[in-house]
Amino acid sequence: MEDEPWGEARAEFVVESTGVFTDKDKAATHLNFRLLLLLLLLLLLLLLLLLLLYYLMQGGAKKVLISAPSTSALMFAMGINEKEYKYDITIFF
């Protein structure tokens, strides 16, 4: 128990008010600092995995055609303004 900061501080009670440890099992991690470190490590690994998935799932397409009226993108309609479209137009980024 010498690795636990609550034990070193001789804490008898810990008030959990972060909203993270709201069930008994999670709140019990305050009793065992190593469990908390493991939980944080697992959360970090999950975040890295989600970032990797986000990166890998970026479409890869060169262009996207929106077939419905857009509230934020440029719109081109055949017979109206199609000649204004240029291939190198960047609409999103």
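## A first look at a three-helix chain

In this predicted model, confidence bottoms out in helix 1 (residues 5–8), with a mean pLDDT of 70, and peaks in helix 3 (residues 33–56), at 84. Across the whole chain the average pLDDT is 77, and 81% of the residues score at least 70.

### The overall layout

The fold is quick to sum up: three helices and zero strands. Walk along the sequence and you read the pattern α-α-α. Of the 93 residues in the chain, 9% count as buried. The chain exposes about 8900 Å², and carbon and sulfur atoms supply 66% of that area. As for how the chain meets itself, take the contacts with a separation of 6 or more: residues 24 or more positions apart account for 37% of them.

### Around helix 1 and helix 2

Let's start in the loop between helix 1 and helix 2 (24–27), where you'll find Glu 16. This residue is partly exposed, at 25% relative accessibility. Glu 16 sits 11 residues from Ala 27 in sequence, and their C-alpha atoms are 7.3 Å apart in space.

Another pair to look up is Leu 36 and Lys 26. They are 10 residues apart along the chain, with 8.5 Å between their C-alpha atoms. Leu 36 belongs to helix 3.

### Helix 3 and its nonpolar patch

Is Leu 36 buried or exposed? With a relative accessibility of 15%, Leu 36 counts as buried, because the cut-off for that label is under 20%. Now move along to Leu 52, which is also a helix 3 residue. Leu 52 comes out as partly exposed, at 44%.

Leu 52 also helps build a nonpolar surface patch of about 1100 Å². Its partners there are Leu 37, Leu 40, Leu 43, Leu 46, Leu 49, Leu 50, Leu 53, Tyr 55, Leu 56 and Met 57. A patch member needs over 30% relative accessible area, so Leu 52, at 44%, clears that bar.

### After helix 3

The segment after helix 3 is home to Asn 81 and Glu 84. Asn 81 is buried, with a relative accessibility of 16%, whereas Glu 84 is exposed, at 53%. Leaving aside residues up to four places away in sequence, Asn 81 touches Met 75 and Phe 76. On that same basis, Glu 84 touches Phe 76 and Ile 89. Phe 76 therefore turns up in both sets of contacts, and Phe 76 itself is partly exposed.

How many aromatic pairs does the structure hold? There is one. The partners are Phe 76 and Tyr 85, whose ring centres lie 5.4 Å apart. Why is the pair called edge-to-face? The ring planes stand at 75°, and an angle over 60 degrees earns that name. Like Phe 76, Tyr 85 is partly exposed.

Here are the accessibility values for the residues met along the way:

| Residue | Relative accessible area | Class |
|---|---|---|
| Glu 16 | 25% | partly exposed |
| Leu 36 | 15% | buried |
| Leu 52 | 44% | partly exposed |
| Phe 76 | 31% | partly exposed |
| Asn 81 | 16% | buried |
| Glu 84 | 53% | exposed |
| Tyr 85 | 35% | partly exposed |

Technical notes: Residues are numbered from 1 along each chain as its sequence is written. This is a predicted model: local features need pLDDT of at least 70, side-chain atom pairs count only at pLDDT 80 or more; totals for chains, interfaces and linings use all residues. Side-chain values use heavy atoms; hydrogens and water are left out. pLDDT is the predictor's confidence in each residue, from 0 to 100. Helices (H or I, at least four residues) and strands (E, at least two) are DSSP runs, numbered from the N terminus. Rings of Phe, Tyr and Trp (its six-membered ring) pair if their centres lie within 6.5 Å; planes under 30 degrees apart count as stacked, over 60 as edge-to-face and the rest as tilted. Buried means under 20% relative accessible area, exposed over 50%, partly exposed in between (1.4 Å probe, protein chains only). Patches are made of residues with over 30% relative accessible area and no salt bridge: like charges are joined within 9 Å, nonpolar side chains (Val, Leu, Ile, Met, Phe, Trp, Tyr) within 5 Å. Accessible areas come from the Shrake-Rupley method with a 1.4 Å probe; for residues, only the protein chains shown count as cover. A salt bridge is a side-chain nitrogen of Lys or Arg within 4 Å of a carboxyl oxygen of Asp or Glu. Contact means heavy atoms within 4.5 Å.
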